[in-house]
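Biologist: Hey, got a minute to walk me through this model? I'd like the overall picture, then some detail.

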Amino acid sequence: MGEESIYNLLPTVRQPEAKNPRYKSVFNETAKAELKTNKQASKTMGPAKVATNEPTSFMTKHAKEPVLPEKAAFARPNADGKRPAVPKRDEKPVMGLKSNKNFLHTNAVENIMSVAKKPQPKYVDTPGGTTNALEDSGLVPKFVKKDNYGTVPKYLEARKKQMAEHQANYEQYIQQRLQKGALNQVTAPERQKTLDGLKKNWEELHLQYQGLSVVTDTAPKKARKERMEAEMKQLEKDIDTIEKHKIIYVTDNF
């Protein structure tokens with residue numbers, strides 16, 4: 001466009017750019033209606049024009065002080081029920097009152113008939129001998145004194161029953177498959193032979209793994225080490241599976 005051209009001499013008509021229509025929300029009318037509904041006059045800024053007081057009704061002195069109640073005479077709360085007066089110095093108390101009660105005999109009988117108090121169990125937790133109550137310390141086995149202690153929880157009984165039902169359904173399915181001839185049970189000698197073979201393979205592979213170079217500076221060494229680790233891991237998984245299950249079934253395609 002910056003170079004001279006014969007086409008630039010021809011008059012060109014400039015086409016106006018087409019503008020996209022202006023976006024208008026579909027909730028425009030709803031928003032306007034809500035704005036008019038919730039609008040209140042003078043809600044935040046106050047009224048536009050505040051009414052002023054007359055010049056004659058100005059604020060006087062002490063106009064905003066609180067109004068106190070009228071002063072009343074003081075009255076004591078216990079004016080009706082006064083305490084008895086102090087005895088005078090010439091008044092004498094009643095003398096000569098005697099009792100026939102034998103306090104020694106009474107105290108001896110009460111001590112003999114009373115039940116000895118048990119000492120409160122305590123524990124010492126500091127070298128200085130600080131004692132604390134043993135009941136609330138958590139050292140007393142309170143749980144063993146409950147009525148339901150030692151009983152099997154209900155959820156465990158339900159879980160045991162559910163597992164027994166699943167095991168019965170599984171055994172029934174296995175028997176049906178055995179009758180059709182689709183499954184064969186691995187005998188104990190075959191299972192032991194397979195287990196011994198897997199362990200022997202793992203030992204041979206582990207011996208080869210120990211003979212690898214410590215430094216894996218090349219890609220073939222690294223690949224061989226990773227392959228042997230994967231094979232050993234798979235053998236360990238197979239050995240664990242066979243040792244965990246005493247009864248094993250295999251298909252005809254095994």
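Modeller: Sure. Going along the sequence, the pattern reads α-α-β-β-α-β-α-α-β. Keep in mind that this is a predicted model.

Biologist: How many helices and strands is that?

Modeller: The protein has 5 helices and 4 strands.

Biologist: And what radius of gyration does the protein have?

Modeller: The protein comes out at 52 Å, while a compact globule of 254 residues would be near 18 Å. The C-alpha trace covers about 125 × 115 × 55 Å along the principal axes.

Biologist: What percentage of the residues is buried?

Modeller: Buried residues are 6% of the 254. The exposed surface of the protein is about 26000 Å², with 55% of that supplied by carbon and sulfur atoms.

Biologist: OK, what about contacts between residues 24 or more positions apart?

Modeller: Those account for 52% of the contacts with a separation of 6 or more.

Biologist: Switching to charges: how many positive and negative side chains are there?

Modeller: There are 45 positive and 32 negative ones, and the centres of the two sets sit 11 Å apart.

Biologist: Last topic, aromatics. How many aromatic pairs turn up?

Modeller: The count is 1 aromatic pair. Phe143 and Tyr149 make it, edge-to-face, with 5.8 Å centre to centre and 85° between the planes.

Biologist: Why does Tyr149 count as partly exposed?

Modeller: Because its relative accessibility is 44%, and partly exposed lies between the 20% and 50% cut-offs.

Note on methods. Residues numbered from 1 in each chain as written. Predicted model: local features only at pLDDT ≥ 70, side-chain atom pairs only at ≥ 80, totals over all residues. Heavy atoms only, no water. Helix = DSSP H or I, 4+ residues; strand = E, 2+ residues; numbered from the N terminus. Rg over C-alpha atoms; globule rule 2.2 N^0.38 Å. Buried < 20%, exposed > 50% of the residue type's maximum accessible area, 1.4 Å probe, protein only. Contact = heavy atoms within 4.5 Å. Areas by Shrake-Rupley, 256 points an atom, 1.4 Å probe, with all protein chains shown as cover. Lys, Arg positive; Asp, Glu negative; His and termini not counted. Charge placed at Lys NZ, Arg CZ, Asp CG, Glu CD. Phe/Tyr/Trp six-rings, centres within 6.5 Å; stacked < 30°, edge-to-face > 60°.
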